[in-house]
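Me: I have a structure open and want to know what stands behind the words used for it. Take me through the reasoning, one label at a time.

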Amino acid sequence: MSRVMRLYYYSVLGAIGGLIGWQISNYLGLSFADNIYFSEIVVGALIGFSIGLLIGMAQGLLTRNLLHTLRACLISGLLGLIGGGLGLPIAEALFQFLGGQPWGRALGWGLFGLIIGLAGGVTGGTQMWKSALGGLLGGLLGGLSLETARQAFQDPLLGKAAGLILLGASVGAFIALIVFLLSRAWLEVKSGKLKGSEFILDKFMKANGPSAYIGSDALKSDIVLPDPDIAPQHAMLKGAGSYFNLKDMSLTGTFVNNHRIELARLANRQTIRMGNTELVYHEER
């Protein structure tokens, strides 16, 4: 999935998550329990879970790997559950405290988006603060859109539906956009089954940080390439602060610019070949 398509999928699936959240909240309402705050926590949590789950699915689609997709959905959905459970009651409390100002609710939804954004740093290769920042901005804008939609539609149900769709789309879009704009290093797949996909590497660049393993086994590798000629753990990317070293771990070899390597320092626009898959390394300075 290219970074442009990443933006598209995050937006669309986030919007679908908002639509599902609207259906759930419409079914339950905010008065199914005697305690209104408990009702808000439950409804907010379910809305958050729906949006988080679908945004996690977008992250999983990046890898086109079932195991990674399930993991991304689970983590993002659970964080959405927490974010929504906190965000909705905080949004309502701020709305009341600030005398009915719409941006009071937006602050609560900003917190919701920030918590969902944390999932990007867990399930993907971006740094956590970048996806969290995107979620925060998306939640703030989406919260304002939600309030605007509520006021624009005469039918409150349609207004709420439009608002939650916009909220989900905004959170998803801004997570993808901020990560897109602030990415420092990524791999672009130029051939093979994942042609056109990009894997962000930012969180692996830090010296003494985690290494990124490239291979064909979803249980053993961070970057999974479905190629029978690639070993389960074929190569390792090790960050050195401002650049990456690539180490071959296979029997069949890893090639950089058509030269077989054991250990090589990567430079911008270099071509990496493993099995029948070719990748291009990109970095921003």
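Me: What share of the contacts with a separation of 6 or more comes from residues 24 or more positions apart?

Reply: In this predicted model, such pairs account for 57% of the contacts in the protein with a separation of 6 or more. A contact here means heavy atoms within 4.5 Å.

Me: How do you know that the radius of gyration agrees with a compact globule?

Reply: Set the value against the rule. With 285 residues, a compact globule would have a radius of gyration near 19 Å. The protein has 21 Å, which agrees. The C-alpha trace spans about 65 × 35 × 30 Å along its principal axes.

Me: What makes up the protein in helices and strands, and what percentage of its residues is buried?

Reply: There are six helices and 11 strands. Buried residues make up 52% of the 285.

Me: Why is Ser 50 called buried?

Reply: The cut-off is under 20% relative accessible area. Ser 50 has 5%, so the residue is buried. Ser 50 sits in helix α2. Beyond its neighbours within four places in sequence, Ser 50 touches Gly 17, Ile 20, Gly 21 and Ile 24.

Me: How do you know that the span of helix α2 agrees with its number of residues?

Reply: Helix α2 covers residues 36-63, which is 28 residues. At 1.5 Å a residue, the expected span is 40 Å. The end C-alpha atoms of α2 are 41 Å apart, so the two agree. Just after α2 comes Arg 64, with a positive phi of about 50°.

Me: What makes a positive phi worth pointing out?

Reply: Most residues other than glycine have a negative phi. Asn 257 has a positive one, near 50°. Asn 258 has a positive one too, near 70°. Asn 257 lies in the loop between β7 (254-256) and β8 (259-261). Asn 258 is found in the loop between β7 and β8 as well.

Me: Why is Asn 257 called partly exposed, and why is Asn 258 called exposed?

Reply: Exposed means over 50% relative accessible area; partly exposed runs from there down to the buried cut-off of 20%. Asn 257 has 38%, so Asn 257 counts as partly exposed. Asn 258 has 63%, so Asn 258 counts as exposed.

Me: What is the area that the protein exposes, and what are its charges?

Reply: The protein exposes about 12900 Å². Carbon and sulfur atoms supply 64% of that area. There are 22 positive and 17 negative side chains. The centres of the two sets lie 6 Å apart.

Notes: Residues numbered from 1 in each chain as written. Predicted model: local features only at pLDDT ≥ 70, side-chain atom pairs only at ≥ 80, totals over all residues. Heavy atoms only, no water. Helix = DSSP H or I, 4+ residues; strand = E, 2+ residues; numbered from the N terminus. Rg over C-alpha atoms; globule rule 2.2 N^0.38 Å. Buried < 20%, exposed > 50% of the residue type's maximum accessible area, 1.4 Å probe, protein only. Areas by Shrake-Rupley, 256 points an atom, 1.4 Å probe, with all protein chains shown as cover. Lys, Arg positive; Asp, Glu negative; His and termini not counted. Charge placed at Lys NZ, Arg CZ, Asp CG, Glu CD. Expected span 1.5 Å × (residues − 1).
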